[in-house]
Structure formats: C-alpha cells, structure tokens
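Let's take a walk through this protein together. Keep the sequence and the 3D view open as you read.

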Amino acid sequence: MKFPRRAIFFGRFQPFHKGHLYVAENILKEYEEIVFLVGMSTESHTERNPFTAGERIEMIRLAMKEAGFDLSRVITSALPTLEIHIASAHHAIYASPHSEAIFIGNPIVSQILREAGFNVIVPKPYKREIYNGTLIRSYMAEQNDKWRELVPKSVAEFLDSIKATERLKNITSPSERHILSEENSLD
C-alpha cells in the first residue's frame, strides 16, 4: 500500500501559536498530510500545561482552518504523558499513522527519537523570542493582551470562550495563601 507523504509535528501546543502555524505551513509545502502529535496529553490545568488535549486539538484545527488548509490533510493524535526514554519514542510513533518524518523542537526528545532510528527534523523556529508558549502563558496569567497578537485569531477567540486567562491566573497564583496566613499560623 502506498501511504501519502506524511510528517508528524510533535509538540505540546500550550497554546497553539503563530510559530507553530509557521512550522505547519512549511511542513505542508513538502508533505501531503501533517499529523499533529499532542504530547503531555494527560496533563492539564498546570502552569506548564494548562490546556487539555481536547482543547489543544481544537486550537490546532481552528488555526489550520483559519489559515485556509483543507482539514483532510490535518490529522491529530494525542500522546499520554510519558517518561523520556527509548520505549517512549516507540510509543509516540505508534500513537500516529505511518509518517516519513518527525518534526520536533525539543532537543532531548529529538535525540531519543533519532537514537531509536526515526527520521527527525528540527524545524527552524520562527521568531522564537516572541512566539513561544512560555511567554504567551505568562502574558495570559498577567492578563496582558499582548498574547492575542501571538496566536491566530481563531485560537484567541477559542481561548476567550474557555476563559483561559482566568485559568492561567488561577494556576499561577499561590493557592495556599488563603490557608497559610500569619494570623492562622500554627507557630
């Protein structure tokens, strides 16, 4: 059987931003289909991974549709949170349809995938100093609207609909302050 030319784009997509979109557009210039492999899918509502796998898949599909891509060329798959080792690399590949290459920016995971014999391509980051999840999440937690410029419009609208900035603010706020105050100290 002849498979379509397909590549995996492996990431956390916390949230999906314009840098991710840039990489995806370049992948689809070379390959017929793209598989977004959403990592850390079983972790959500944490500072580093605030969004669920389903929310991230929704962001990806909205952004790709907004950018004019035929969604029949877009496949999404989720990978549970795993320890970083060779067995996990094989598990990651088995969570996705057959693909010729894996695009991943994480240097440790890319090394493990290479050692396991996979064709790994590290994409050229697009304006990484501004298009990165850590910065976007910090803007959101601070209630700074700069984050809106860094994600596709459809992603910003989706994040508004799930009250993402409120979630990030709550996640990054010290949650035990109301319990451990000077007046309530056991000392």
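What follows goes from the overall fold to the central sheet, and then to a few individual residues.

Some ground rules come with it: this is a predicted model, in which local features need pLDDT of at least 70 and side-chain atom pairs count only at pLDDT 80 or more, while totals for chains, interfaces and linings use all residues. Residues are numbered from 1 along each chain as its sequence is written, and side-chain values use heavy atoms, with hydrogens and water left out.

Start with the big picture. The protein has 7 helices and 5 strands; these are DSSP runs numbered from the N terminus, with helices being H or I of at least four residues and strands being E of at least two. Follow the chain along and you read β-α-β-α-β-α-β-α-β-α-α-α. Of the 187 residues, 42% count as buried, meaning under 20% relative accessible area, with exposed meaning over 50% and partly exposed in between (1.4 Å probe, protein chains only). A contact means heavy atoms within 4.5 Å, and among contacts between residues at least 6 apart in sequence, 69% join residues at least 24 apart. The protein exposes about 10400 Å², and carbon and sulfur atoms supply 52% of that area. Such areas come from the Shrake-Rupley method with a 1.4 Å probe, and for residues only the protein chains shown count as cover.

Now for the sheet. How are the 5 strands ordered? They form an open, parallel sheet that goes β3-β2-β1-β4-β5, where two strands count as paired if DSSP finds at least two bridges between them. The edges are β3 (74-78) and β5 (120-121), each pairing on one side only.

Strand β2 (residues 33-38) is a good place to linger. On one side, β2 pairs with β1 (residues 6-11) in the parallel sense over 6 bridges. Phe-9 has Phe-36 as its bridge partner there, and Phe-10 has Leu-37. On the other side, 5 bridges join β2 to β3, again running parallel. Here Phe-36 is partnered with Thr-76, while Val-35 stands opposite Ile-75. Is β2 covered or bare? It is mostly covered, with 6 of its 6 residues buried. Glu-33, Val-35 and Leu-37 point one way, and Ile-34, Phe-36 and Val-38 point the other.

Helices link these strands. β1, helix α1 (residues 18-30) and β2 make a right-handed β-α-β unit, and β2, helix α2 (residues 53-66) and β3 make a right-handed unit too. Right-handed means that, with the strands pointing away from the viewer, the path from the first strand over the helix to the second runs clockwise.

Between β2 and α2 there is a loop, and that's where you'll find Asn-49. Why does Asn-49 count as buried? Because its relative accessible area is 0%. Leaving aside neighbours within four places in sequence, Asn-49 is in contact with Arg-12, Gln-14, Met-40, Glu-43 and Ser-44. With Arg-12 there is also a side-chain polar contact of 2.6 Å. A polar contact is a pair of N or O atoms within 3.5 Å; within protein, one must be able to donate a hydrogen and the other to accept it, and residues adjacent in sequence count only if both atoms are side-chain atoms.

Next, look toward the end of the chain. Helix α5 (residues 133-141) has Asn-132 capping its N-terminal end, with a side-chain oxygen 3.2 Å from the backbone nitrogen of Thr-134. The buried residues of α5 are Gly-133, Ile-136, Arg-137, Tyr-139, Met-140 and Ala-141, and they pack against α6 (153-161) and α7 (164-172). After α5 comes Gln-143, whose phi is positive, near 65°.

Last stop: Ser-154, which is found in helix α6. Ser-154 counts as buried because its relative accessibility is 12%. Not counting residues up to four places away in sequence, Ser-154 touches Leu-62, Ala-63 and Glu-66. The side chains of Ser-154 and Glu-66 make a polar contact of 2.5 Å. Ser-154 and Met-59 are 95 residues apart in sequence, yet 7.7 Å apart in space, C-alpha to C-alpha.
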